[in-house]
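Please open the model in your viewer, with a cartoon for the backbone and sticks ready for the side chains. The tour below proposes a series of selections and says what each one shows.

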Amino acid sequence: MRIETLGDGEPEIAVIGGIHGDEPSGQRAVEGLMDDPPEVERPVKLIVVNEEALEADERYLDEDLNRAFPGDPDADTHEGRLAAKLTEALEGTVSLSLHSTQSYPKPFAITRGVDDLARKYVPALPVDSLVTAGDFTDGRLLDVADVIEVEAGHQGSERAAENAALLVDAFLKAAGVLPGEVERREHLPVYRLSRSVPKAAATDYDLLAANFERVSPGEPFAAAGDEQVVADEPFYPVLMSAEGYESIFGYAAERVGSIEG
């Protein structure tokens with residue numbers, strides 16, 4: 001894990017890339033600041049986490065890091081030990097954690113809920129929506145740190161890398177680390193994760209619905225082999241894709257309102 005601090009003093013702000021080794025856009029955004037550091041008005045901690053998985057271009061080596069928190073310094077797994085180091089490194093900070101996804105091309109934010117942290121920072125970010133994790137924080141960084149997760153776009157794409165740099169710039173301006181005007185967005189829609197959507201055993205999968213677009217009861221939204229998966233009740237797909245997760249398509253969510261800028 002690589003950690004560098006810009007500015008003098010103890011940082012209360014952090015930016016994190018490389019939780020997952022197959023999501024290089026966050027690493028690129030963070031290392032861009034490390035390699036060409038801007039003048040800052042308050043200190044910020046920059047962290048590239050799972051360098052080994054990034055080098056291997058694998059999501060993780062032993063276990064999913066974003067399911068391993070708070071971790072243990074003596075864990076048997078590489079990611080379990082990393083989780084403990086990162087939990088300690090983020091103590092006393094508000095953080096932005098950069099991710100990318102196979103499910104959706106546009107940036108959106110994920111927080112524990114619509115709390116003071118979300119209200120302060122999310123409207124200042126160039127995102128289309130806010131997703132609240134609800135009961136789905138177990139083992140995630142959201143469960144142990146004051147963090148906003150952002151999905152920057154499709155994994156490995158140049159657009160995701162560009163989006164990640166814009167997200168970091170906006171976050172650091174909102175946090176008072178960088179000078180500049182803060183543009184706040186009005187009426188960002190908020191979705192709350194309600195359940196995971198399992199995959200039946202099959203050799204191939206397909207997604208028929210679009211993320212953040214309502215699925216009606218009786219509507220086919222995915223396929224496992226030759227079998228279509230039909231909605232029993234209305235929901236909004238979030239983080240849903242054919243191959244993004246091993247055992248689930250993603251998540252069903254409900255739209256619960258909006259967050260104001």
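The stops run from the interior to the charged pairs, then to the surface and the backbone.

This is a predicted model, in which local features need pLDDT of at least 70 and side-chain atom pairs count only at pLDDT 80 or more, while totals for chains, interfaces and linings use all residues. Residues are numbered from 1 along each chain as its sequence is written, and side-chain values use heavy atoms, with hydrogens and water left out.

**The nonpolar core**

Select Leu 98 and Leu 172 to begin, since these two touch the most other members of the largest nonpolar core, a set of 40 residues. A nonpolar core here is a set of buried Ala, Val, Leu, Ile, Met, Phe, Trp, Tyr and Cys residues joined through side-chain atoms within 4.5 Å. Buried stands for under 20% relative accessible area, exposed for over 50%, and partly exposed for the range in between, with a 1.4 Å probe and protein chains only. Now colour the elements that give two or more residues to this core: strands E2 (13-17), E3 (44-48), E4 (94-101), E7 (146-154) and E8 (188-198), together with helices H1 (24-35), H4 (116-121) and H5 (158-174). Helices (H or I, at least four residues) and strands (E, at least two) are DSSP runs, numbered from the N terminus. Of these elements, H5 supplies the largest share of the core, eight residues. As background, nonpolar side chains tend to be buried together in soluble globular proteins.

Move next to Ile 16, which sits in strand E2 and is buried, its relative accessible area being 0%. A distance drawn from the C-alpha atom of Ile 16 to that of Lys 45 should read 8.5 Å, although the two residues are 29 apart along the chain.

**Salt bridges**

Show the charged side chains now. A salt bridge is counted where a side-chain nitrogen of Lys or Arg lies within 4 Å of a carboxyl oxygen of Asp or Glu, and by this rule the count comes to 13.

Select Asp 146 and Arg 112, whose side chains meet in a salt bridge with an N to O distance of 3.2 Å. This pair links distant parts of the chain, 34 residues apart, with Asp 146 in strand E7 and Arg 112 in the loop between strand E5 (108-111) and H4. Asp 146 is partly exposed at 38% relative accessibility, and Arg 112 is partly exposed at 33%.

Within helix H4, look at Arg 119 and Asp 116, which form a salt bridge at 3.9 Å, N to O; because they are three residues apart in the helix, about one helical turn separates them. Arg 119 is partly exposed at 43%, whereas Asp 116 is exposed at 63%.

Is the acidic partner of the next pair, Asp 64, buried or exposed? Asp 64 is buried, with a relative accessible area of 14%, and its salt bridge is with Arg 59, the closest N and O atoms being 3.2 Å apart. To finish this part, select Arg 2, Glu 4 and Glu 31, which are linked in a network of salt bridges.

**A patch on the surface**

Switch to a surface view and select Asp 204, Asp 206, Asp 226, Glu 227 and Glu 243, which gather in a patch of negative charge. Among them, Asp 226 lies in the loop between strands E10 (220-224) and E11 (227-230) and is exposed, with a relative accessible area of 81%.

**Backbone details**

Return to the backbone, bearing in mind that most residues other than glycine have a negative phi and that most peptide bonds are trans. The peptide bond from Phe 69 to Pro 70 is cis, with omega near 5°, and Pro 70 lies in the loop between helices H2 (51-56) and H3 (78-89).

Asp 57, found in the loop between H2 and H3, has a positive phi of about 55° although it is not a glycine, and at 53% relative accessibility this residue counts as exposed. Phe 212 also has a positive phi, near 70°; Phe 212 lies in the loop between strand E9 (205-207) and E10 and is buried, with a relative accessible area of 10%.

Technical notes. Patch = residues over 30% accessible without salt bridge, like charges linked within 9 Å, V, L, I, M, F, W, Y side chains within 5 Å. Areas by Shrake-Rupley, 256 points an atom, 1.4 Å probe, with all protein chains shown as cover. Lys, Arg positive; Asp, Glu negative; His and termini not counted. Charge placed at Lys NZ, Arg CZ, Asp CG, Glu CD.
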